[in-house]
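Reader: I have a model open and would like to go through a few spots with you. Can we begin with a single residue and then move on to the sheet?

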Amino acid sequence: MKHRLLWFGLLLGSAIPVHMLAQSQIDSDTGGFLEYYAGYYQNIYKDQAVLFGGKVQQPLTRRTESLYLRDRLLRELDETGRERFPTPVPARDSYGEGSLLYDGVFYTGLSLRLDLYQDELVVRTPNEVYGVILDPTRVGYAEFRNYRVEYIPAEQQGDLPTHGYYQVLHDGTLRVLRKEFLEFNRLEERFVHRTVRYYIQKEGAVYRVRPRKGSILKALGGHRREMDQFIRRYGDLKQDMDQALVQIVSEYERLNP
């Protein structure tokens with residue numbers, strides 16, 4: 001019934017002529033009414049209808065929007081040029097166009113966002129009224145904001161600190177994962193801390209790597225002299241850890257064909 005109510009709300013916000021509602025011969029009871037328009041909705045959106053049958057995401061609090069995955073390489077700087085704590089964006093601007101593999105079916109042209117605090121992947125309905133939480137167990141991957149996002153369930157977590165959504169920066173012999181961790185002060189209704197962590201998966205083991213040469217070399221293990229020279233080219237890794245780590249791992253794989 002909840003899914004039918006959501007479908008009905010979607011239809012009210014879509015471009016259905018009023019005269020069609022008036023002329024439709026349906027049961028007078030509410031159940032029949034919703035049954036009819038649930039079917040009508042499914043007929044409109046066809047194979048995409050399955051995406052919009054989940055729970056509608058609610059605001060974090062009455063006054064606070066959550067923090068969402070931002071475009072890759074976007075960094076918010078303060079007046080001194082240092083990266084500052086990201087500012088929340090309005091809900092209407094939090095979505096990015098992208099694609100999604102869901103239940104083995106590939107969809108394109110969707111509006112998606114990743115709630116970094118609640119760890120929820122959300123798809124916006126075609127009428128732009130609701131944000132629906134996708135079932136993570138049915139998500140193959142999503143690509144938006146110039147990231148590839150995958151859900152790693154608890155049974156595959158291994159040495160990772162938690163299950164959930166990760167950005168997969170590189171997927172070769174080695175895998176490079178990225179995840180943002182946020183601390184929210186409910187009394188003050190604001191975010192007070194943010195940490196971006198990186199992980200290298202190598203031969204079944206997981207290594208957390210920090211934006212320091214020694215940390216990366218320890219995780220990689222072999223070809224220490226060549227990799228030491230290669231990493232030196234990047235100088236301050238904090239300037240662009242996403243891209244630097246991908247290039248470093250790719251070079252390591254080149255040395256280990």
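Reader: Where is S66 placed?

Author: In this predicted model, S66 lies in the loop between α3 (30-45) and β1 (96-102).

Reader: And is S66 buried or exposed?

Author: S66 has a relative accessible area of 1%, which is under the 20% limit, so S66 counts as buried.

Reader: What does its side chain, that of S66, make a polar contact with?

Author: The side chain of S66 is joined to that of D115 by a polar contact of 2.7 Å.

Reader: Switching to the sheet: what is the strand order?

Author: The sheet is open and has 10 strands in the order β4-β3-β2-β1-β5-β6-β7-β8-β9-β10, with antiparallel pairing. Its edge strands, each pairing on one side only, are β4 (131-133) and β10 (205-209), and neighbouring strands are turned by 40° against each other on average, direction ignored.

Reader: How many bridges join β8 to β9?

Author: There are 11 bridges between β8 (residues 175-185) and β9 (residues 190-202), and these strands run antiparallel. Within the pair, R178 stands opposite Y198, while F181 faces T195 across the strands. The two strands form a hairpin with 4 residues between them, where E189 in the turn has a positive phi of about 55°.

Reader: What about β9 and β10, how many residues are between the strands there?

Author: That hairpin has 2 residues between the strands, and E203 takes a positive phi near 50°. The antiparallel pairing of β9 and β10 extends over 5 bridges, and I200 stands opposite Y207 in β10.

Reader: Which helix packs on the sheet, touching β9 and β10?

Author: That is α4 (residues 213-220), whose direction makes about 170° with that of β10.

Conventions
Residues are numbered from 1 along each chain as its sequence is written. This is a predicted model: local features need pLDDT of at least 70, side-chain atom pairs count only at pLDDT 80 or more; totals for chains, interfaces and linings use all residues. Side-chain values use heavy atoms; hydrogens and water are left out. Buried means under 20% relative accessible area, exposed over 50%, partly exposed in between (1.4 Å probe, protein chains only). A polar contact is a pair of N or O atoms within 3.5 Å; within protein, one must be able to donate a hydrogen and the other to accept it, and residues adjacent in sequence count only if both atoms are side-chain atoms. Two strands pair if DSSP finds at least two bridges between them. Axes are lines fitted to C-alpha atoms, for helices over the stretch in contact, and angles run from 0 to 180 degrees between N-to-C directions. Contact means heavy atoms within 4.5 Å.
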